[in-house]
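User: Please examine the structure shown below. I would like a short series of questions answered with the reasoning set out.

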Amino acid sequence: MTPDSAANANVASHTLVQWVADSARLTQPDNIVWCDGSSSERERLLQEAVKSGVLIPLNPRKRPGCYLHRSNPNDVARTEHVTFICTPSAEDAGVTNHWMAPDEAYSRLGTMLEGSMRGRTMYVIPYVLGPVGSPYAKVGVQITDSIYVALSMGIMTRMGECGLSMLGDSDDFNRGLHCTLDLNPERRFICHFPQDNTIWSVGSGYGGNALLSKKCFALRIASWLGRDEGWFAEHMLIVGLRNPEGHTRYIAAAFPSACGKTNLAMLLPPPALGRWKVFTVGDDIAWLRVGPDGRLWAINPENGYFGVAPGTSAKSNPNAMRMLAHDSIFTNVAMTPDGDVWWEGMDVEPPPELFDWQGDQWRPDSAAKAAHPNSRFTTPIANNPVLSPHVEDPCGVPISAIVFGGRRATTAPLVLEAKDWLHGVFIGATMGSETTAAAAGRVGVVRRDPMAMLPFAGYNIGDYWRHWLAMQPRITEPPRIFMVNWFRKDVHGAFLWPGFGENLRVLKWILARIDGRVEGRETLLGTVPEPAELDLSGLEIAGEQLRLALAIDRDEWKTEMASVGKFFDRIGRSVPEQLRELHRALSNALETDRS
């Protein structure tokens, strides 16, 4: 243990010191480093990571302070099939989660962890999720043998002494124990013990499996805590929209991974709406609580961005491209001969030769992708050129609308408003989306992804919906709830809506609905815009194209409701009866109403 590490250990709570000591006895590291989050520590860790080959420095003239990391080819995405919720009963976890009994999980992973850090360094990473000093913030401590994880946690969280200071003598902190082992997929498990506020992860170095502050704590464990404590932990971006009159409203939006959350959170208004301003509060996770005014207030628990690189470009997300110009870590992207990065969808022609995500030579006529489809960037929140001035506000920001959206080629219209809170919960609970490369498995298959939380709800999804419904009486000034779909296509496979910055036109309509300035058109499934209500100034889009983007096709929705019924049957008896009743009512209306 270094002198600085010893000093940090001396100011830590007795419970924390004891837990670290117990973990060290189990894993038997050669060295223990307590991370303090300082710039000098980061420089030291970067130098060690470069020396050991974990990071490759990029061209300092093109990407100052940036590095490339290449993960094991078998370790490139979240592995949901080995991600477990370890509760006393399988019913607590529900059918959408993999379950393992706590005693079995501790025993099974404990055997793998015995002596697992011999010859390695143990990094002890105290951190805060949420603005430091906020009553809504939480403290976590991650132990890891990965210097890549330690550096990434320094970007993604408020890491170091601030965590120890906030924790004080308390024993209320999330305990995360992570070891890469030998990266053997057969010995890869991510286990969550919500009743112990504990996470054990072995056999993976990929972000979603190894950065335990992210999906593991900020969503799976936090969703359990939110149910018990009366708040929401959600897979949502938070964006502020300032109109030309200078008034800012905030929207929280849930999209499955790799469906455009970061693009929407950093949206650049189109030229015709240039007097509008967009500010990012968060791009991935939101913690929402009921304020004293009866509204929902949201904080972003994170301090950085872990985004999907492919498809990110000066067209799709110019603000992201600006923030990636410095002090970022890129994972599994391609590298140019002059030390820059490249990926598919960057809208920059690749050079005649480059190195692909595994370090092999690649040419434009190569059959394989140069960058892995789930390649990532990790960058500090401070790099964002449109960062909200309220991102560190301890009370968060008030939410005017909640938006649910997925990737659907058919069925779901461009935008639709729910009739009320119950209907909004139904829309979120039954949301379908085509799978992407963010999770291991087949890509392009439509699956139900309720509230974009299917892989992240830390307990029975039916009880999760029940929590949403039970919170309604406390939210006396609830946000309005909407559904959007940027990805609808025509019969030829072409997108009907241009997307990207043009999505502000849809958000503008949402705000107009909240203010009562547009009426929309009532349908059986909710309110959609009249085409004339959308601000299309400066946008060339055919009337028929827009009509199809907004269409509610009865036959498609009959099929959709049949699919929803099967999904509810799969979830079983935990589905709230209110959602069952609404499903029956909508299904019957689609069969009988001919208006």
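**Burial and helix packing in a predicted model**

Analyst: Valine 575 is buried, with a relative accessible area of 5%. The model is a predicted one.

User: In which loop does valine 575 lie?

Analyst: Two helices flank this residue, H16 (554-571) and H17 (577-592). Valine 575 therefore belongs to neither helix and, buried at 5% relative accessible area, lies in the loop between H16 and H17.

User: How far apart in space are valine 575 and aspartate 463, C-alpha to C-alpha?

Analyst: Valine 575 touches Gly462, Trp465, Arg466, Phe568 and Arg580, leaving aside residues up to four places away in sequence. Aspartate 463 is 112 residues from valine 575 in sequence. In space, the C-alpha to C-alpha separation of valine 575 and aspartate 463 is 7.4 Å.

User: How are H12 and H13 oriented, roughly parallel or roughly antiparallel?

Analyst: Helix H12 (residues 421-429) packs on helix H13 (residues 461-471) at an angle of about 155°, and their axes are 10 Å apart. Angles over 145 degrees count as roughly antiparallel. H12 is therefore, relative to H13, roughly antiparallel.

User: How do the residues of the contact of H12 with H13 divide into nonpolar, polar and charged?

Analyst: The crossing of H12 and H13 is right-handed. H12 contributes Trp421, Leu422, Val425 and Ala429 to the contact, and H13 contributes Trp465, Trp468 and Leu469. The division is seven nonpolar, no polar and no charged.

User: How are H12 and H17 oriented to each other, roughly parallel or roughly perpendicular?

Analyst: These two helices pack at an angle of about 85°, with their axes 10 Å apart. The range from 65 to 115 degrees counts as roughly perpendicular. H12 and H17 are therefore roughly perpendicular.

User: How many residues of the contact of H12 with H17 are polar?

Analyst: On the H12 side, Leu422, His423, Val425, Phe426 and Ala429 take part, and they meet Gln578, Leu579, Leu582, His583 and Leu586 of H17. Seven residues of this contact are nonpolar and none is charged. The number of polar residues is three.

User: How many residues of helix H6 are buried?

Analyst: Helix H6 spans residues 147-156 and is mostly covered. Among its buried residues are Ile147, Tyr148, Ser152 and Met156. Of its 10 residues, the number buried is nine.

User: Which residue has a side-chain oxygen that reaches the backbone nitrogen of tyrosine 148?

Analyst: Tyrosine 148 is one of the buried residues of H6. At the start of H6, a side-chain oxygen comes to within 3.3 Å of the backbone nitrogen of tyrosine 148. The residue that supplies this oxygen is serine 146.

How values were computed. Residues numbered from 1 in each chain as written. Predicted model: local features only at pLDDT ≥ 70, side-chain atom pairs only at ≥ 80, totals over all residues. Heavy atoms only, no water. Helix = DSSP H or I, 4+ residues; strand = E, 2+ residues; numbered from the N terminus. Buried < 20%, exposed > 50% of the residue type's maximum accessible area, 1.4 Å probe, protein only. Contact = heavy atoms within 4.5 Å. Axes fitted to C-alpha atoms, helices over the stretch in contact; angles between N-to-C directions. Parallel < 35°, antiparallel > 145°, perpendicular 65-115°, else oblique. Left-handed = near helix turned anticlockwise from the far one by under 90°. Nonpolar A, V, L, I, M, F, W, Y, C, P; charged D, E, K, R; others polar. Polar contact = N/O pair within 3.5 Å; in protein donor to acceptor, adjacent residues only side chain to side chain.
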